[in-house]
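Biologist: I have this model open at the bench. Please take a close look at one part, then work outward from there. Keep it plain, and tell me where each residue sits.

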Amino acid sequence: MKITVQDHALFAYTGGKLFNPAQPTAVFIHGVLNDHSVWILQTRYLAHHGWNVLAIDLPGQSKSEGPTPESVEQAAHTVIALLDAVGVSKAALIGHSLGSLIALQAAAQAPERVSHLALVGTAFPMRVSQALLDGALNTPMKAIDMVNTFSHSTLAPPPSALGPGTWLYGGNKALMRRVLASNKQANVFHLGFKACDSYTLGEEAMAKVQCPTLFVLGQHDQMTPPKAAQSLIGKAQQGQVIHLQAGHSLMTEAPDAVLHALVKFLKP
């Protein structure tokens, strides 16, 4: 599904279902060099169980057009503009990594528009090492290899994620290369990492959030270790925390556990 948002076509995966204004809506926001596909199990389940699902590709990446956001705040404005474009007054926001910061900032910018906030693999501050920032800019293929090593704690997921025998390292590496190649004008890898590293409003934003917040954290996460989320957890007014046996790529390493956590959290 392509939706005109801020004068450009924004792609949103709907889980194979038509948008129904009578149903609640959940917006899924991916991390750096990912796209809508990382949410495949969670989005399809919700789409077939009474929810509108909009798993977006961030602007300028994969199937979405327009300029790539250069900051978390800029991307958060796009999320709110998406709600306006589809005529949704309030939605659940679910974000992973960079996407978690975008969801958080959107919930702070327009708290009345957000019913639930789920932050998966989050941290604040979300510092990125200088080696990865330089690598993303100058040697992106080498940096992709580094990120894959840091993001996974297992070689293959349970069968429910992407099918038996799926190779997480290879699949994610191919996805990251594809997303990087989708924009010839801008280095979306470096821009994404720079947006993570330069975001300074996390605690301030968390204090403005008015809805329940779920933190889904990976026990073996080397990119955003669980302890790095404590500053946000401490500011959450209605916070819940779940720790899973997974690395940073929680949606594919612990697909059922992430799904079950979201379903329980989103129940009316």
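A close look

Modeller: In this predicted model, S62 sits in the loop between strand 4 (52-56) and helix 2. Look at its backbone. S62 is not a glycine, yet its phi is positive, at about 55°. Its relative accessibility is 26%, so S62 counts as partly exposed; the buried class ends under 20% and the exposed class starts over 50%.

From that loop, go on to helix 2, which spans residues 72-86. T78 is a good place to stop, as it belongs to helix 2. Is T78 buried or exposed? T78 has a relative accessible area of 5%, so it is buried. What does T78 touch, beyond residues up to four places away in sequence? The answer is V5, Q6 and P59.

Now the packing of this helix. In general, two packed helices are described by two things: the angle between their axes and the distance between the axes. For helix 2 and helix 3 (residues 98-109), the axes come within 8 Å. They cross at roughly 65°. Angles of 65 to 115 degrees count as roughly perpendicular. Helix 2 and helix 3 are therefore roughly perpendicular to each other. The crossing of helix 2 past helix 3 is right-handed. Which residues make the contact? Helix 2 brings V72, E73, A75, A76, H77, V79 and I80. Helix 3 answers with L98, L101, I102, Q105, A106 and Q109. Sorted by class, the contact of helix 2 with helix 3 has nine nonpolar residues, three polar ones and one charged one.

Next come the charged pairs. The structure holds four salt bridges. One of them starts in helix 2: D84 pairs with R113, and their closest N and O atoms are 2.9 Å apart. This pair links distant parts of the chain, 29 residues apart. D84 is in helix 2, while R113 is in the loop between helix 3 and strand 6 (114-120). The two partners differ in accessibility class. D84 has a relative accessible area of 49%, so it is partly exposed. R113 stands at 14% relative accessibility and therefore counts as buried.

A further salt bridge joins K173 to D145, with the closest N and O atoms 3.0 Å apart. K173 belongs to helix 6 (residues 168-181) and D145 to helix 5 (residues 140-151), so this pair ties together parts that are 28 residues apart in sequence. K173 counts as partly exposed, at 26% relative accessibility. D145 is partly exposed too, with a relative accessible area of 33%.

Another salt bridge stays inside one helix. K208 pairs with E204, and the closest N and O atoms are 3.6 Å apart. Both lie in helix 8 (residues 202-208), four residues apart, so about one helical turn separates them. K208 counts as partly exposed at 42% relative accessibility. E204 falls in that class as well, at 44%.

Back to the backbone. D7 is another residue other than glycine with a positive phi, near 70°. Find D7 in the loop between strand 1 (2-5) and strand 2 (8-13). Its relative accessibility is 72%, so D7 counts as exposed. Then check the peptide bond between F124 and P125. That bond is cis, with omega about -5°. P125 lies in the loop between strand 6 and helix 4 (130-138).

One last stop is I94, in strand 5 (residues 91-96). Is I94 buried or exposed? I94 has 1% relative accessibility, so it counts as buried. What lies in contact with I94, leaving aside neighbours within four places in sequence? The list runs A26, V27, F28, I29, W39, A118, V120, L262 and L266. L232 is not in that list. I94 and L232 are 138 residues apart along the chain, and their C-alpha atoms are separated by 15 Å.

How values were computed: Residues are numbered from 1 along each chain as its sequence is written. This is a predicted model: local features need pLDDT of at least 70, side-chain atom pairs count only at pLDDT 80 or more; totals for chains, interfaces and linings use all residues. Side-chain values use heavy atoms; hydrogens and water are left out. Axes are lines fitted to C-alpha atoms, for helices over the stretch in contact, and angles run from 0 to 180 degrees between N-to-C directions. Helices (H or I, at least four residues) and strands (E, at least two) are DSSP runs, numbered from the N terminus. Angles under 35 degrees count as roughly parallel, over 145 as roughly antiparallel, 65 to 115 as roughly perpendicular and the rest as oblique. A crossing is left-handed if the near helix is turned anticlockwise from the far one by less than a right angle, and right-handed if clockwise. Contact means heavy atoms within 4.5 Å. Ala, Val, Leu, Ile, Met, Phe, Trp, Tyr, Cys and Pro count as nonpolar, Asp, Glu, Lys and Arg as charged, and the others, Gly among them, as polar. A salt bridge is a side-chain nitrogen of Lys or Arg within 4 Å of a carboxyl oxygen of Asp or Glu. Buried means under 20% relative accessible area, exposed over 50%, partly exposed in between (1.4 Å probe, protein chains only).
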